[in-house]
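Here are a few exercises to work through with the model open beside you. Try each task before reading its solution.

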Amino acid sequence: MNGVRQAALFVRTNLWIVPLAALLAWALFRFLDPAPPRHLVMVTGTENGGYHQFGLELRDRLAEQGLTLEVLSTSGSMDNLQRLTEGGAEVQLGLIQSGTTRLLDSSQLAGLESLGAIYHEPLWLFQRRGTGISRLTDLFEHRVSVGAEGGGTWAVVSSLISQLGEHAGEQALATGQWQQLAAGASLKALQAGELDAAFFVLPVHNSTISRLLVDPEMELVSLEQTAALAARLSFLERLELPQGLLDLQRDIPPQSSELLSPVATLVINEHFHPALASLVLSSAADVLRDGSLLDAPGQFPSATPAELPLSAEASYYHERGVPLLQRYLPFWIASIVDRYVVLLIPFIAIMLPLVKSMGPLYAWRMRARVYRWYAHLRRVDRLIHSGGIGQVLDEEIESLLRLEDELTLVDVPLSYAHELYTLHLHVRYMINRLQQMRQPAGSDSAVPSTTDKVLE
């Protein structure tokens, strides 16, 4: 029974830690990252384009994981960049072609990060048969479509031409020798003989590329110096197109060719929850598992090539794969556990010294129940020393007698009973001392009491 009372006393003494722990937990919850949302908005491209098709397939994979992906069709990479940078929190994820970020100022790209490349988008250069283009410098002698202004093709071509000189190509554009046409207009002009060559940045199975490859009047240019150009422009990769890769029966292409290729890149803004990076990337890997004619199975998603910095979570994924907990638990459960582990570490770090202080604080509180009465004894002792006790002698004796009665009601654990009973002796000593001072000198009561002898 006494043990229960002591335990209850210990709990009452340390109840202060309960509201403090609650306040600390609230503060940590308040500043902890919110849980990942279950809805994302992604901008892709035109509804019949490869970007949009990839977005739809990614949507299906993410739906299996409990994440709703809203896929919005757009006019292309530049439109996507604009929505990611200026669209507020309405859009969090998008696809862009590498190279297009060079058309924007660095200030416009602040807050954008990459999750990685997802597939190649080759730069195709077709010429009318017999034109004789093999190097970039040959373009200055011919009528060429270099891609619509502000489009993905122009972004790549302008970067290539800039390697020939700061103002290279300006005169050809000014005179109209080079025209900035979209893919459809370029195809028509090239087939009509109004152009000698045209650039396209399109997937390998695009209908425009298929038509040009089978057109006997057209030939695919295998540019020279592709290795040097890829080394100078980090967002490009060098691709080899083997003979017959696209059509073995008709032997298309009729000889091996070298291409330069930007990559389609997953880009996020500051409104994208970082915990979703591994889920999006693992779902993208599932979509791209089988590869394509130009991309080996398992090659994408890839950390390179990249113009924008990789997010920390994407970098971890590309180096080590999905986080450990997500390998054994469903994503949403792993996310909750991960967040609460992060919360638990600072909570323990702060609470541990506070819990350790409970024992010393309890000891101090128990001793304080006894020691606070000594202030009364010290005050009486000073009155005796100063000679002022005679005026209040009776009052002080009565006060000490009441104190002695009150001490019988003081509840302390047995381990602190020694201090309590020592106080009893000291109070009785002071009462006897004052009672002796009240009686005439020479009376029998002036003989020291048993208590006095004990204390001596």
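**Exercise 1.** Which side chain does Glu 396 meet in a salt bridge?

Before solving it, a word on the ground rules. This is a predicted model, in which local features need pLDDT of at least 70 and side-chain atom pairs count only at pLDDT 80 or more, while totals for chains, interfaces and linings use all residues. Residues are numbered from 1 along each chain as its sequence is written, and side-chain values use heavy atoms, with hydrogens and water left out.

*Solution.* Start with the criterion: a salt bridge is a side-chain nitrogen of Lys or Arg within 4 Å of a carboxyl oxygen of Asp or Glu. The partner of Glu 396 is Arg 379, with an N to O distance of 2.9 Å. Next, place the two residues: Glu 396 sits in helix H16 (residues 393–407) and Arg 379 in helix H15 (residues 374–386), so the bridge ties together parts 17 residues apart in sequence. Helices (H or I, at least four residues) and strands (E, at least two) are DSSP runs, numbered from the N terminus. Last, check accessibility, where buried means under 20% relative accessible area, exposed over 50%, and partly exposed in between (1.4 Å probe, protein chains only). Glu 396 counts as buried because its relative accessibility is 8%, whereas Arg 379, at 38%, is partly exposed.

**Exercise 2.** Find the residue that forms a salt bridge with Glu 404, and place both residues.

*Solution.* The closest N and O atoms of Glu 404 and Arg 428 are 2.6 Å apart. Glu 404 belongs to helix H16 and Arg 428 to helix H17 (residues 417–438), with their positions 24 residues apart in the numbering. Glu 404 is buried, as its relative accessible area is 17%; Arg 428 has 23% and is therefore partly exposed.

**Exercise 3.** Which residues are linked with Arg 61 in a network of salt bridges?

*Solution.* The network consists of Arg 61, Asp 286 and Arg 289. Take the pair Arg 61 and Asp 286, whose side chains meet at 3.0 Å, N to O. This pair links distant parts of the chain, 225 residues apart: Arg 61 is in helix H3 (residues 50–64) and Asp 286 in helix H10. Arg 61 is partly exposed, with a relative accessible area of 25%, and Asp 286 is also partly exposed, at 23%. Across the structure there are 13 salt bridges.

**Exercise 4.** Which members of the largest nonpolar core touch the most other members?

*Solution.* A nonpolar core is a set of buried Ala, Val, Leu, Ile, Met, Phe, Trp, Tyr and Cys residues joined through side-chain atoms within 4.5 Å. Among the 33 residues of this core, the answer is Phe 54, Leu 115 and Leu 266. Helix H10 (residues 277–287) contributes the largest share of the core, six residues. Now look at Leu 266: beyond residues up to four places away in sequence, the residues it touches include Phe 54, Leu 115, Val 280 and Ala 284. Contact here means heavy atoms within 4.5 Å. A second, separate core has 25 residues, among them Trp 178 and Val 221.

**Exercise 5.** Is Ser 261 buried or exposed?

*Solution.* Ser 261 is buried, because its relative accessibility is 0%. Its place is in strand S11 (residues 257–261). Its side chain reaches the backbone nitrogen of Glu 121 at 3.2 Å.

Definitions and conventions
A polar contact is a pair of N or O atoms within 3.5 Å; within protein, one must be able to donate a hydrogen and the other to accept it, and residues adjacent in sequence count only if both atoms are side-chain atoms.
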